[in-house]
Amino acid sequence: MSQDTVSIKNNNTGQEAEFSLLQGTLGTPTVDIGSLNNNLGLFTYDPGFVSTASCKSKITYINGGKGVLLYRGYPIEQLAKQSSFLEVSYLLMNGELPNEKELFSFTDEINNHSMLHEALSGSLRGFHYDAHPMAMMVGVVGSLSAFYHGQLDMEDPEHRRISALRMLAKMPTIAAACYRHSVGYPIVYPRFDLEYCENFLNMMFSRPSETYIDKNNYIDPVTVKALNLLFILHADHEQNASTSTVRLASSTGANPYACIAAGISALWGPAHGGANEAVLKMLAEIGTVENIPKYLAKAKDKNDPFRLMGFGHRVYKNFDPRATITRETCHEVLAHFPSNDPLFELALALEEHALKDEYFIEKKLYPNVDFYSGIIYRALKIPENMFTVMFVIARTAGWVSHWLEMMAEPNHRISRPRQLYTGYDKRDYLPRESRK
Ligand code: SDX
């Protein structure tokens, strides 16, 4: 019996077959069960894909037990402290860190693609002013497929590269435009003299009559540094729900902008990227440190749908390395912007209570990246309903990188899972008059 295979025996029929045992550069050995149905007439059943690898990828590696997160081999802790979001985006998309010339030309291309077609702002005006910005993001990003469709040749690597660049370049412009629409302000165009995060802040908050102090307030170096860091931390995370959505939609050959819009829809859920907004709502509901035990009890009560937002993770079972970094940044940002905002102290107290609680220890539930990011965004004066939009801007780097990786595979196939059917067996049509 070979060392790099796994035998599966159907004890029901006595049939047995061997399947290749694949070993990546790092991580869990993986059984290639593609021929399971042909060899043994069996499917596998894995709702939520807890033990299922959907693809091979070189982009991001996570070790959930050790709290390891690598982007193209580089530890997230090093990138968070030393890199910029655009440099990390280049790394994720191209596989290597850019040299000065490559970063300059990448930044120049991003600037050149950061404007929106004027007709696109029309699709924004179709939304009621109080529409949730995530609803607007899904609609406006999806409508990019109407502007870039005919001339797209997905077999042409240069067309794919430009499409990926366009999405990364336009996402902050669209995000800021959604915010401006929601507050009734005119859209602010991107500027080529500002760095990516500065540009976004300017498109969000600038006003015609701004004084230097106003501008200094929102293009403050601490704000820009915190934004760069949060975007780096949220840029990619292997086959999470929204990235898997982008991959599955793209496997049909659909327009890439429509596929990214599908990823935005998936990210919106409170179990995924919507958690950062949900954390703030939860902290506001808890209100005081005295109420924490009551809410911890609700989180443990199987009959109560309440969950501790910002806690738990499908992969990280000891700690989310991104949460450790955002917790430190939280301290820095709140020290810089003194506010009597009680939510940070409440968050610290909630974390302390939960980490000592038997239930959370036994279930290995720790703060994830979204536990502190919302508090930082709040301190940076980002409106709460824009928190998940911030996640969209960052994760666009990961989505387009996985899209490029998948589309470059010579024989990528349409993703089409099977099922375990539990419905009726075959039965005959019952004429209406004879139904009870
Ligand atoms: C992100 O996948 C990614 O990589 C995502 C992400 C990324 O970068 O893309 O990291 C970003 O989405 C972070 C997660 C943000 N979501 C939240 O903070 C929402 C709160 N967390 C939970 O909804 C939950 O922990 C999930 C969705 C994150 C993980 O869900 P799983 O892996 O399906 O875990 P589970 O629901 O099977 O829970 C296992 C047990 C259950 O109890 P039992 O049924 O075994 O008795 O733990 C309990 C759950 O009830 N549990 C919680 C809990 N999370 C899990 N109980 C209370 N509060 C929680 N937050």
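A polar contact here is a pair of N or O atoms within 3.5 Å; inside the protein, one must be able to donate a hydrogen and the other to accept it, and residues adjacent in sequence count only if both atoms are side-chain atoms. We're working with a predicted model, where local features need pLDDT of at least 70, side-chain atom pairs count only at pLDDT 80 or more, and totals for chains, interfaces and linings use all residues. Residues are numbered from 1 along each chain as its sequence is written, and side-chain values use heavy atoms, with hydrogens and water left out.

**Exercise 1.** Work out which protein atoms make polar contacts with the ligand, including the one from Asn368.

*Solution.* Start with Asn368: one of its polar side-chain atoms is 2.9 Å from a ligand oxygen. Next, take His272, where a side-chain N or O atom sits 3.0 Å from an oxygen of the ligand. Then switch to backbone: a polar backbone atom of Ala271 is 2.9 Å from a ligand nitrogen. Now for coverage: on its own the ligand has 1000 Å² of accessible area, and the protein covers 77% of that (Shrake-Rupley method, 1.4 Å probe).

**Exercise 2.** Describe the shell around the ligand by class.

*Solution.* Count as near any residue with a heavy atom within 4 Å of the ligand. There are 24 such residues, and His237, His313, Arg314, Arg322 and Arg395 come nearest. Sorting them gives 10 nonpolar, seven polar and seven charged residues. For the sorting, Ala, Val, Leu, Ile, Met, Phe, Trp, Tyr, Cys and Pro are nonpolar, Asp, Glu, Lys and Arg are charged, and the others, Gly among them, are polar.

**Exercise 3.** Find the order of the strands in the open sheet, and say which stand at the edges.

*Solution.* Strands are DSSP runs of E, at least two residues, numbered from the N terminus, and two of them pair if DSSP finds at least two bridges between them. Strand 4 (residues 60-63) and strand 5 (residues 68-71) pair antiparallel over four bridges. Check the partners: Tyr61 has Leu70 as its bridge partner, and Ile62 stands opposite Leu69. Four residues separate these two strands in a hairpin, and Gly67 in the turn has a positive phi of about 60°. Put it together and the three strands run in the order 4-5-6, with antiparallel pairing. Strand 4 and strand 6 (74-75) are at the edges with a single partner strand each, so one side of each has no neighbour in the sheet.

Methods
A residue is near a molecule or strand if one of its heavy atoms lies within 4 Å of it.
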